Amino acid sequence: MAVVQVVSPENFQQLLSKDLTRVSLINFWAPWAEPCKQMNEVVSELARKYPTVLVLQVEAEEQAEIAESFDIEAVPSFVVLRGHTLLDRISGADAPALTQALTKHTAAPTYHPQSQTNLAPAQPKESHFPSDSEKQETPEELEQRLQKLMNQSKVVLFMKGTPEVPRCGFSRKIAGLLKDHNVDFSHFDILEDESVRQGLKKLNDWPTFPQLIVNGELVGGLDIVQEMIENGEFAEVVA
């Protein structure tokens, strides 16, 4: 089956509701993200390999309502459904994991739903086994590590992905602004460390990313940085 481009939330619901016994693969992507271009080729190949699977392409920023309904925070991200039931999630350009997920769920026995729903998909049960580092790190040790990360240089950007390979539009834009204004900065990919991600939200009392830190203190996210650039404050802060 060919890859289908989703053009609206209504279009998305119609496609999913045609057959609630069918497995669907949703590819959340962005045209500016290089890993997405590579994974789009993988997705096209999987669509040919698994012709019974409904393969939907969703441009995450253009179809923000759909992305938000699945808690998509970075691209590329993939969701596997059967009807409206969530079977699996894969984050990042992980072709083997995506292939394995499709193989697993297309081999599963089919079932016949009794009704249709427009509610968000049910979440799968997940078990998390903390690593040794997660077991050993106390709240005090985590805060010390966060403070060290925040003070690794004068300007530190906590973002999704890297400046070279950003994984969300806000991170891409703020990294671009820093480069445009010739600001030397360090960066940290919060998608690689969940403890840092959650710890910074609490420590800085700021629920979203990216977060820009200057001299160990939170400046803010993309909107605040853009506002400071417009009113001339930004040059003074990073000087």
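**Pockets and a phenylalanine**

Colleague: Which helices each supply at least two residues to the lining of the largest pocket?
Modeller: Those are α3 (64-69), α7 (169-180), α8 (194-203) and α9 (222-231). Helices here are DSSP runs of H or I with at least four residues, and strands are E runs of at least two, numbered from the N terminus.

Colleague: Anything I should know about the model?
Modeller: It is a predicted model, where local features need pLDDT of at least 70, side-chain atom pairs count only at pLDDT 80 or more, and totals for chains, interfaces and linings use all residues. Residues are numbered from 1 along each chain as its sequence is written, and side-chain values use heavy atoms, leaving out hydrogens and water.

Colleague: Back to that pocket: which residues lie nearest its centre?
Modeller: Glu73, Lys160, Cys168, Phe170 and Phe209, out of 28 lining residues. A pocket is an open set of points on a 1 Å grid over the protein atoms alone where a 1.4 Å probe fits, with protein on both sides within 12 Å along at least five of seven lines; lining residues have an atom within 4 Å of a point.

Colleague: And which lie nearest the centre of the second largest pocket?
Modeller: There you find Asp71, Glu73, Arg89, Ser91 and Arg197, among 16 lining residues.

Colleague: Which element gives the largest share of that lining?
Modeller: α8 does, with 4 residues. Strands β4 (77-82) and β5 (85-91) also supply at least two each.

Colleague: New topic. What is phenylalanine 12 in contact with?
Modeller: Ignoring neighbours within four places in sequence, phenylalanine 12 is in contact (heavy atoms within 4.5 Å) with Val6, Ile26, Leu56, Ile66 and Phe70.
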